[in-house]
Amino acid sequence: MSLQKTARLQMIKNCEQQKIKQKRQKEYKTVLLMIQIFCSHKHKTKAMKLPETLCPECKQLAEYVHTRIEKCIFMETKSFCSFCKIHCYKPEMREKIRTVMRFSGIRMIFYHPPLAIKHAILTIKESKKKRQYETDRTY
């Protein structure tokens with residue numbers, strides 16, 4: 001392989017890795033906002049103004065989520081963890097994040113409207129894909 005092709009392939013690989021890194025950051029930012037909303041309302045902290053003031057339970061959840069996002073091998077192709085082929089969360093943590101998302105999802109529109117709208121659109125698109133896939137498999 002020529003040196004020029006190798007350099008071009010390396011540049012493409014670096015670009016893809018950068019996109020995945022940005023996707024990880026965006027996903028974590030979204031989940032962290034949801035945890036902050038939940039913690040500030042349910043645990044009466046000032047997490048919305050000062051993210052470092054999460055209660056110990058929510059801080060542990062945020063750290064766990066960050067670890068899971070960083071280690072995700074499907075980040076390139078998936079939109080959200082709920083649509084992933086495998087579920088890498090421990091059952092206890094999965095239930096906690098579900099509770100947080102159920103509570104915070106609807107309230108995100110008041111704290112970060114663009115992020116909430118984008119999240120809703122991606123969720124709808126992913127749901128349609130999933131239904132289409134299941135419909136195609138039944139025939």
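Angles of 65 to 115 degrees between two helix axes count as roughly perpendicular. With that range in hand, the predicted model described here can be explored helix by helix. Helix 2 and helix 3 pack at an angle of about 105 degrees, and their axes lie 11 Å apart. Because this angle falls inside the range of 65 to 115 degrees, helix 2 and helix 3 are roughly perpendicular to each other. On the helix 2 side, the contact is made by Glu57, Gln60, Leu61, Tyr64 and Val65, and these meet Met93, Lys96, Ile97 and Val100 of helix 3.

A second crossing involves helix 1 and helix 3. Here the packing angle is about 95 degrees, with the two axes 8 Å apart. Helix 1 and helix 3 are therefore roughly perpendicular to each other as well. Helix 1 brings Thr30, Val31, Leu33, Met34, Ile35, Ile37, Phe38, His41 and Lys42 to this contact. From helix 3 come Ile97, Thr99, Val100, Met101, Phe103, Ser104, Gly105, Arg107, Met108 and Tyr111. Ile97 and Val100 thus deserve a second look, since they take part in the contact with helix 2 and also in the contact with helix 1.

Helix 3 itself is a good place to pause. It has 21 residues and reaches 29 Å from its first C-alpha to its last, close to the 30 Å expected at 1.5 Å a residue. At Gly105, helix 3 bends by about 45 degrees. Its buried residues are Met93, Ile97, Val100, Phe103, Ser104 and Met108. A general feature of helices helps in reading such a list: an α-helix has 3.6 residues a turn, so residues three or four places apart point the same way.

Two residues of helix 3 show how its surroundings vary. Ser104 is found in helix 3 and counts as buried, because its relative accessibility is 0%, where buried means under 20%. Leaving aside neighbours within four places in sequence, Ser104 is in contact with Met34, Ile37 and Phe38. Ile106 also has its place in helix 3, but Ile106 is exposed, because its relative accessible area is 64% and exposed means over 50%. The C-alpha atoms of Ile106 and Ile86 are 20 residues apart along the chain and separated by 26 Å.

The nonpolar interior comes next. The largest nonpolar core has 28 residues, and those with the most contacts inside it are Ile35, Leu54 and Ile97. Helix 1 (3–42), helix 2 (56–71), helix 3 (91–111) and helix 4 (113–138) each supply at least two residues of this core. The largest share, nine residues, comes from helix 1. Ile35 touches Leu54, Cys58, Leu61, Ala62, Ile97 and Val100, not counting residues up to four places away in sequence. Among these partners of Ile35 are Leu54 and Ile97, which stand beside Ile35 as the residues with the most contacts inside the core.

Helix 1, the source of that largest share, has 40 residues. It reaches 58 Å from its first C-alpha to its last, close to the 58 Å expected at 1.5 Å a residue. Gln36 lies in helix 1 and counts as buried at 9% relative accessibility. Setting aside neighbours within four places in sequence, Gln36 is in contact with Ala47, Met48, Pro51 and Leu54. Leu54 also appears in the list of residues touched by Ile35.

Lys21 has its place in helix 1 too. Lys21 is partly exposed, because its relative accessible area is 47%, which lies between the cut-offs of 20% and 50%. The C-alpha atoms of Lys21 and Lys71 are separated by 11 Å, although the two residues are 50 residues apart along the chain.

Just after helix 1, the backbone offers a further detail. Lys44 takes a positive phi of about 55 degrees there, a positive value in a residue other than glycine. The place of Lys44 is in the loop between helix 1 and helix 2. Lys44 is exposed, because its relative accessible area is 68% and the cut-off for exposed is over 50%.

How values were computed:
Residues numbered from 1 in each chain as written. Predicted model: local features only at pLDDT ≥ 70, side-chain atom pairs only at ≥ 80, totals over all residues. Heavy atoms only, no water. Core = buried A, V, L, I, M, F, W, Y, C linked by side-chain atoms within 4.5 Å. Buried < 20%, exposed > 50% of the residue type's maximum accessible area, 1.4 Å probe, protein only. Helix = DSSP H or I, 4+ residues; strand = E, 2+ residues; numbered from the N terminus. Contact = heavy atoms within 4.5 Å. Expected span 1.5 Å × (residues − 1). Bend = angle between axes of the 7 residues up to and from the residue. Axes fitted to C-alpha atoms, helices over the stretch in contact; angles between N-to-C directions. Parallel < 35°, antiparallel > 145°, perpendicular 65-115°, else oblique.
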